Amino acid sequence: MRSVARLSSGSTFETTAGYSRVVVVEHDGWTEALVSGTTGFDYARMSIEDDVEAQTRQTFANLAQALERVGMTLRDVVRVRYYLTDAADFERLTPLFGEAFAEARPAATAIVCGLIDPRMKIEIEVDARKTASA
């Protein structure tokens with residue numbers, strides 16, 4: 001392992017709770033990006049849609065933006081964890097999952113649980129890896 005970098009989204013919650021939006025680990029020959037649980041908040045407006053599909057689309061946009069900051073895309077994701085508040089939403093959301101990860105086809109886990117804010121219906125975290133360019 002060469003180095004570790006911790007990136008913030010600028011949220012004060014990250015400082016309060018003691019975590020980073022993305023942790024980037026440089027290995028010999030490859031880079032790993034670990035993205036914290038991400039929700040469907042539109043951070044520019046600090047709003048969240050009520051619809052779970054809209055939240056999922058915004059969550060993927062937020063994840064793509066976080067990965068872009070470290071030179072990666074959703075195509076580099078090797079592991080995804082979906083946290084849903086309602087198991088009944090899973091079937092409805094699977095086409096969106098498939099659309100986002102059509103190329104990457106990462107290992108995946110779906111968990112039904114409560115989330116911190118009752119407006120949140122989904123939270124997604126990903127691990128991405130990219131081989132260093134020669």
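A pocket here is an open set of grid points with protein on both sides within 12 Å along at least five of seven lines. All the views below come from a predicted model.

**View 1. The largest pocket and what lines it.** This pocket holds about 640 Å³ of space. Its lining is made by 22 residues, and S11, Y19, R21, T39 and Y43 are the ones closest to the centre. Three elements each hand two or more residues to that lining: α1 (12-17), β3 (30-39) and α2 (52-68). Of these, α2 chips in the most, with four residues. Sorted by class, the lining comes out as ten nonpolar, eight polar and four charged residues.

**View 2. Helix α2, from end to end and around its axis.** Start with the length: at 1.5 Å a residue, the 17 residues of α2 should span 24 Å, and with its end C-alpha atoms 24 Å apart, the helix agrees with that expectation. Now for the side that is tucked away, where V52, Q55, T56, T59, F60, N62, L63, A66 and L67 are buried. Looking down the axis, these buried residues of α2 fall within an arc of 160°, so they line one face of the helix. Flip to the other side of α2 and you'll find Q65 and E68, both exposed. As for partners, the buried residues of α2 pack against β2 (22-27), β3, β4, α3 and β6.

**View 3. Helix α3 and its buried side.** Twelve residues, 89-100, make up this helix; at 1.5 Å a residue they should span 16 Å, and the end C-alpha atoms sit 17 Å apart, which agrees. Which residues of α3 are buried? They are D89, L93, L96 and F97. Around the axis this set covers an arc of only 105°, which puts the four on the same side of α3. The face turned away from that buried side carries E91, P95 and E99, which are exposed. The buried residues of α3 pack against α2, β4 (77-84) and β6.

**View 4. M46, a positive phi in the loop ahead of α2.** Most residues other than glycine have a negative phi. M46 is not a glycine, yet its phi is positive, at about 50°. Look for M46 in the loop between β3 and α2. With a relative accessible area of 54%, M46 is exposed, because the cut-off for that label is over 50%.

**View 5. R105, another positive phi in a loop.** Here the residue is R105, again something other than glycine, and its phi is positive, near 45°. R105 belongs to the loop between α3 and β5. Buried or exposed? R105 is exposed, its relative accessible area being 70%.

**View 6. G114 and Y83, brought together from separate parts of the chain.** Where does G114 lie? G114 lies in the loop that runs between β5 (107-112) and β6 (122-131). G114 has a relative accessibility of 64%, so this glycine counts as exposed. Along the chain, G114 and Y83 are 31 residues apart, while in space their C-alpha atoms are separated by 8.4 Å.

Key
Residues numbered from 1 in each chain as written. Predicted model: local features only at pLDDT ≥ 70, side-chain atom pairs only at ≥ 80, totals over all residues. Heavy atoms only, no water. 1 Å grid on protein atoms, 1.4 Å probe; cavity = no way out; pocket = protein on both sides within 12 Å on 5 of 7 lines; lining within 4 Å. Points joined across faces, edges and corners; volume = space filled by probe spheres on them. Nonpolar A, V, L, I, M, F, W, Y, C, P; charged D, E, K, R; others polar. Buried < 20%, exposed > 50% of the residue type's maximum accessible area, 1.4 Å probe, protein only. Expected span 1.5 Å × (residues − 1). Arc of directions from axis to C-beta. Contact = heavy atoms within 4.5 Å.
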